[in-house]
Amino acid sequence: MSALHYFNTSATGNEARAVAFQDYHEHRASALRGLKDLQDPAGMTSVSMYESDLSEPLICGVQVALLEAYSKNMQDCQSYLKSAARFLAQQVEAPSANEPSSLKTPVTYAQLIHSSGIPNATVHSSQPSMERQALDFFRSILIWNDVLHSSAQRYVTEAKEAYSDLLQDEYFTSTFRENMRCEAWVFHAILEATSLSTWKCEQEAQGVLSVRELVSRGQKIESVVEEKLSGLLHALDSEQVGTSDDGFGFYTSLFAHALLIHLHAIVSVPWPELPEIKSSIDKAVTIWQLGPSAIDLRQLAWPFFVTASLATGSSRDWFRKVASEFQPENSTSGNLIPWSSALSECWKGFDDRDVERNVKRCDWRTVCHKLNLSLLFL
């Protein structure tokens, strides 16, 4: 990663730049060989006489996906991220005969750590071991990226059940919040919303969609989000947003409000004039405006696009200003987001009154697909 960073930031013609590029390719090839060995069942049993570390394929898979994103190889990035998600899902689907799944806490965390050779004294200690912290961190990174990516791409991730277990686990939810500055329940709800959207598309394709069931399932998710969100809003005033609890309340609230907008668009249509969407956007904009003057949109790309894509009037002016002022020096993603032009494309679908109304043109997911935008590792 450091070799590639040096190559990308060095002046053309620099001899050291060429050396860095060669080093990058050598390290990348070595990393891919190592990941392949970890994922090979035969290789796993012959590594040593000790039980292999169950966390290694997941951690290495996420790291290689990040490297590919930084290298602008987004297709390979997606492939390795899915591979890591698949490994996590397989751990849930096929636990050993004598042990429970190694995903939950505290009992199954102990099983995982035991199988990894980590001393038992660290399992329930107040200060988690470095190995466990690393596992928690990369699980958080995996879930964050895969959940948001699958939402944008309109498919249900293979690891949905594994993610659901973790995002409702008492121990992991606290580590997810610490690592990602956002509450885990929001991402669990996004998972459910993606499943609902996929189910709706399948039912429509078969001509058997039940509107009553669609509305019922949507309301069930909505009620959970609103209940959780109400507990946060008391702390979100102009003096506390972005400063208390490392801003987790601000991040969580933005994702939650965007999710409510997203749900309304799934159950109805992504159209700004719908009363429920307009009301939700007004509330979301209020939270956005309570944030710091300089907002880093990379970690907030999902709530930004969901909310801003359906904004109208003065709300558009505010989102346009935020997008135009955000100029990151660099991004790990191969797709540097053209924030302003992406929003303009969404708004164009609503503003073109002279053509037949097409609600899909207002859908941020359609625009991301059209512009080949990725939300991975921004």
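Modeller: Before we start, one term: a crossing of two helices is called left-handed if the near helix is turned anticlockwise from the far one by less than a right angle. The model in front of us is a predicted one, and in it α4 passes α7 in a left-handed crossing.

Colleague: At what angle do the axes of α4 and α7 cross, and how should I read that angle?

Modeller: The axes of α4 and α7 cross at roughly 50° and come within 9 Å. Angles under 35 degrees count as roughly parallel and 65 to 115 as roughly perpendicular, and the crossing at hand therefore makes α4 oblique to α7.

Colleague: Which residues of α4 and α7 meet there?

Modeller: From α4 come L58, I59, V62 and Q63, and they meet A134, L135, F138, R139, I141 and L142 in α7. Sorted by class, the residues of this contact of α4 with α7 divide into 8 nonpolar, 1 polar and 1 charged.

Colleague: How are α7 and α10 set relative to each other, parallel or antiparallel?

Modeller: The axes of α7 and helix α10, which spans residues 184–206, cross at roughly 30° and come within 9 Å, and α7 and α10 are therefore roughly parallel to each other. Their crossing is left-handed. On the side of α7 the contact is made by I143, W144, V147, L148, S150 and S151, and on the side of α10 by F187, I190, L191 and T194. The residues of this contact of α7 with α10 divide into 7 nonpolar, 3 polar and no charged.

Colleague: Where would I look for a pair with a wide angle, and how do I read α15 and α16?

Modeller: Helix α15 (residues 313–325) packs with helix α16 (residues 339–351) at an angle of about 155°, and their axes are 8 Å apart. Since angles over 145 degrees count as roughly antiparallel, α15 and α16 are therefore roughly antiparallel to each other, and the crossing of α15 and α16 is left-handed. In α15 the residues R316, F319, R320, A323 and S324 meet W339, S340, L343, W347, F350 and D351 in α16, and by class this contact of α15 with α16 has 6 nonpolar, 2 polar and 3 charged residues.

Colleague: Now for the spaces between the atoms; how does one find them?

Modeller: Rolling a probe the size of a water molecule over the atoms shows where empty space is left. In this structure, about 410 Å³ of space lies in the second largest pocket. The lining of that second largest pocket has 19 residues, and I141, N145, M180, F377 and L378 lie nearest its centre. The elements giving two or more residues to this lining are α4 (56–70), α7 (130–153) and α14 (301–308).

Colleague: Which element gives the largest share of the lining of the second largest pocket, and how do the residues of that lining divide by class?

Modeller: The largest share of that lining comes from α7, with 6 residues. The lining of the second largest pocket divides into 14 nonpolar, 3 polar and 2 charged residues.

Colleague: How many cavities of 30 Å³ or more does a search of the whole structure find?

Modeller: The search of the whole structure finds 1 cavity of 30 Å³ or more, and about 60 Å³ of space lies in the largest cavity. Its lining is formed by H262, A265, P270, V306, S309, L310, C362, D363, W364 and R365, and α12 (248–267) and α17 (364–370) are the elements that give two or more residues to the lining of the largest cavity. By class, that lining has 6 nonpolar, 2 polar and 2 charged residues.

How values were computed: Residues are numbered from 1 along each chain as its sequence is written. This is a predicted model: local features need pLDDT of at least 70, side-chain atom pairs count only at pLDDT 80 or more; totals for chains, interfaces and linings use all residues. Side-chain values use heavy atoms; hydrogens and water are left out. Axes are lines fitted to C-alpha atoms, for helices over the stretch in contact, and angles run from 0 to 180 degrees between N-to-C directions. Helices (H or I, at least four residues) and strands (E, at least two) are DSSP runs, numbered from the N terminus. Contact means heavy atoms within 4.5 Å. Ala, Val, Leu, Ile, Met, Phe, Trp, Tyr, Cys and Pro count as nonpolar, Asp, Glu, Lys and Arg as charged, and the others, Gly among them, as polar. On a 1 Å grid over the protein atoms alone, a cavity is a set of points where a 1.4 Å probe fits but cannot get out, and a pocket is an open set with protein on both sides within 12 Å along at least five of seven lines; lining residues have an atom within 4 Å of a point. Grid points are joined across faces, edges and corners, and a volume is the space filled by probe spheres set on the points.
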